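Biologist: Please pick one part of this model and take me through it closely. I want the packing, residue by residue where you can.

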Amino acid sequence: MKKKCKLQVADLRCLCDPKVFNFNNTSEIEPLDEVIGQERAVHAIDFGLNMMSPGYNIFVTGIEGTGKSTIIKDIVTQHAKTLPTPVDWCMVNNFKDEYHPKAISIPTGKAITFCRTMNKLIDDLRKELPKTFEHESYQERQSEIQKKYTDQQKKIFKKLEKAAESKNIKINRTKTGYQTIPIVKEKPISPEEFLALPKRKQAEIEENISTVQSEIDITIREINKVNHKLNSRIEKLMEEDTLFVVKHRIDHIRDAYQKNEDVLNYLDDVQADILENVKDFIASPESQPSLEGLILPSSKPSFQRYEINVLVDQKGLQGAPVIFETNPTYQNVFGQIEKRAHMGTITTDFTMVQAGSLLKANGGYLIMEIESVLMNPFVWEALKRALQNKLLAIEDMASGLGYGTSSLRPEPIPLEVKVILMGSYHLFHMLQNHDSKFNKIFKVRADFDYEVKKNDNTVQLYARFISRACKEENLLPLTPKGVSAIVEYGEKYIASKNKLSLRFGPIMGILKEADYWARKKRSKKVTDKHVVQAFNEYRFRYNLYEEKMHESYVDNTIMIDVESDVVGQVNALSVYQIGDISFGRPAKITAETYMGKQGVINIEREAKLSGKTHDKGVLILSGYLGRTFAQSYPLSLSTSVAFEQSYGGIDGDSASSTELYAILSSLSGIPIHQGIAVTGSVNQKGQIQAIGGVNQKIEGFFDVCKEKGLTGKQGVLIPQANIKNLMLKKDVIDAVKKRKFHVYQVATVEEGIEILTGVPAGSPDEEGLYPKGTVYHRAQEKLKKYLERSIQIKNEFEEK
């Protein structure tokens, strides 16, 4: 059986022949310009980019290091170049409500030009309007109007004076109004003289004054009407002259933006506001009032309301924008309204509104990582709301939460953007299952694979990828042997002889480190030796824990027997993961069987040191034992199984076959050779199933055997299904070549127990009995003995 199940050297590793490469180094071949092995993801991304219906945003899943970010950037950037460049966006003053500024679209690449044009317009008007009103023609027309209405005022006042004279009353103008003075004997009298007059005369004068005062009130109203007409006529004159100066200048701007309704409407508002506030343009600077020790702020008219706040300028952009937001805070994604401190208060205006990445990507694509999005408060909900409503609201988050002072609320901006999120499988499934809006907004999933089938084409593409990496990162070119070493590393990384790893992140790390060691040795090319050194040096930097654990096996702190034959004891294999480094080490499993009905007792479970998967694997053993030995009579068995010197948590079912072998050895009393370690899970039918970390497990046990001394009888028993995963290191392969170490593959428990004990397992006859001289016969006999003895004890107890 050992000879039949023993693997050959060729089965232990798949070598890449450097002769398949037709170049001297990678600088001679064309760098990779396509995606390797991601047909599903690329097809999904292409579908999502071209699907214009709402909700077809893209969610990209895949493990780290598969090149998602690079591939997505390349694909999206190339696609964006075929699309039209979107319009620019500016924030402008809302002359009707300054707390709700407006966002206007500007033809592509003209936002800065429009801003400069408007600034030039206002500067020009500030110079020209005062000149217009200082011109002789305007002054003459203004004087004519003033003279006309002044004459009307004089006539009204003369009429009042005549009426007063008829009542012997004189009207005297003062700064505070009109004063009435009685006339007696053609002379004004003083208050004392008035009191000296007879009562009858006083009453007559008072009655006349009252009558005149009524006339004065009427006259004042008439004069005010004349003044109002005068002011209206002067304002109309100013408006006419202002319109003459402003209109042809604004019309010139209108001609440049005839097809843009937003700009035309804004120019109409600007023109109306200038006509309404023309006095701001002609106001003369006044001396600044000041108090001792205090300088008051200037009260000059502000022209800031005519400024243009450029939010997005697409000048120089070819195609649609592609924005990769690496820090998706609320402000970075949606924009913000900045504040400024002024004399102990906080102020803001429309010129302090800043655009976020969502507006910058408007008309194009926004790429973000979902983990970063979810870590920033309010971003996820606001993003969903913006995509659903197709409107972007730039809001002051603090004000929206009820904190701080009142702030601006700019009008929402129409949004037409495709969002691409990248994340893990876990986050995708969590959002899909628990967020009701997720499936409506992100209808396209692009799933990146981490491996690709190995064939001649993919191997050559690997070489072209290396050529591209060397060119982009300025690395030394690789020789064919160096490329072969990288290909073999790609196989080992995913533990498969038939596939290559698509996790290019770690591969890039090895390429850079190999370049470092090659340059250190003053080599002009990177060879396989440099690649192997890079891998070994990387492992050396991280494997201190591995070495410390290895020492505990060498000095027998952890007792592992690799030479004796022991009943009920097997060396299992486990894998330890420390960051990116994983390594295997043996663990002693013992089993003790005795009378009872408790079945298989998992000591790790009783001590609460085992995980659910490990518990399941142990429970399966009861099913197999019942299937094999309890078809004619019930099992009367108790067996305890333990990982010796294990003080931490244990999980996984890869040791379930090992535990079963220990139980069978204990039942049959046949010893197991300790030089053969075992890994593999088992099902209730007795079939050995594939496990993970097979290379680390074999190499870990080999290292222990090598330190304790190779005898030629040592080896590892692995599932047949794991042969395709073997990519063992050179030391193991050399030992197998010299027959100092062996690797066996088995498909069933029966094959495994025969290799471990050297005794056939046995096959049952029609009555379910196993032939003598087999492992299962001796186990069956012991189980019969347990049953008979238990019945005997039961009968004796009943008799008593």
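Modeller: Start with two helices, α23 (residues 612-629) and α24. They pack with their axes 9 Å apart, at an angle of about 45°. That angle lies between the cut-offs of 35 and 65 degrees, so α23 and α24 count as oblique to each other. The crossing is right-handed. On the α23 side the contact uses H614, G617, V618, L621, Y624, L625 and F629. On the α24 side it uses S656, E659, L660, I663 and L664. By class, the residues of this contact are 8 nonpolar, 3 polar and 1 charged. Keep in mind that this is a predicted model. The mean pLDDT of the protein chain is 88, and 96% of the residues reach at least 70.

Now look at the other helix against α24. Helix α28 (residues 775-799) crosses α24 at roughly 65°, and the two axes come within 7 Å. The range for roughly perpendicular begins at 65 degrees, which is why α24 and α28 fall in that class. Here the crossing is left-handed. From α24 the contact takes L664, S666, L667 and S668. From α28 it takes V775, Y776, R778, A779, K782, L783 and Y786. The class count is 7 nonpolar, 2 polar and 2 charged residues. L664 is listed in both helix contacts: it meets α23 and it meets α28.

Next, the sheet. It is open and has 7 strands, in the order β25-β26-β24-β23-β28-β31-β32, with mixed pairing. β25 (599-602) and β32 (742-746) are the edge strands; each has a single partner, so one side of each has no neighbour in the sheet. On average, neighbouring strands are turned by 30° against each other, direction ignored.

Two helices link this sheet to the packing. α24 (residues 656-668) lies across β23, β24, β25, β26 (638-643), β28, β31 and β32. Its direction is at about 30° to β24. Helix α25 (residues 694-708) packs on the sheet as well, touching β23, β24, β28, β31 and β32. The direction of α25 makes about 80° with that of β24.

What about the strand pairs? Sheet strands pair through backbone hydrogen bonds, in a parallel or an antiparallel sense. Both senses occur here, as the pairing is mixed. Take β23 (569-578) and β24 (581-594). These two run antiparallel, and 10 bridges join them. Within that pair, L573 stands opposite P586 in β24. β23 and β24 form a hairpin with 2 residues between the strands. There G579 takes a positive phi near 65°.

On its other flank β23 pairs with β28 (676-678). That pairing is parallel and spans 2 bridges. A572 stands opposite V678 in β28. So β23 holds neighbouring residues facing two partners: A572 is placed against β28, and L573 against β24.

Move to the far end of the strand order. β31 (residues 715-719) pairs with β32 in the parallel sense over 5 bridges. G715 stands opposite H742 in β32. As noted, β32 is an edge strand with a single partner.

For contrast, turn to another sheet in the chain. It is open, has 3 strands in the order β4-β5-β6, and is antiparallel in its pairing. β4 (169-174) and β6 (187-188) are at the edges, each with a single partner, so each leaves one side without a neighbour in the sheet. β4 and β5 (residues 177-184) pair over 6 bridges. K170 has I181 of β5 as its bridge partner. Helix α5 (residues 136-165) packs on this sheet and touches β4 and β5, its direction at about 140° to that of β4. Helix α7 (residues 199-256) also touches β4 and β5, with a direction at about 150° to that of β5.

The axes of α5 and α7 come within 10 Å and cross at roughly 175°. The cut-off is 145 degrees, so this pair is roughly antiparallel. Their contact divides into 14 nonpolar, 6 polar and 6 charged residues.

One caution on confidence. Over residues 286-296 pLDDT stays under 50, and the model has 5 contacts there beyond four places in sequence.

Key: Residues numbered from 1 in each chain as written. Predicted model: local features only at pLDDT ≥ 70, side-chain atom pairs only at ≥ 80, totals over all residues. Heavy atoms only, no water. Pairing = 2+ DSSP bridges. Helix = DSSP H or I, 4+ residues; strand = E, 2+ residues; numbered from the N terminus. Axes fitted to C-alpha atoms, helices over the stretch in contact; angles between N-to-C directions. Contact = heavy atoms within 4.5 Å. Parallel < 35°, antiparallel > 145°, perpendicular 65-115°, else oblique. Left-handed = near helix turned anticlockwise from the far one by under 90°. Nonpolar A, V, L, I, M, F, W, Y, C, P; charged D, E, K, R; others polar. pLDDT = per-residue confidence, 0-100.
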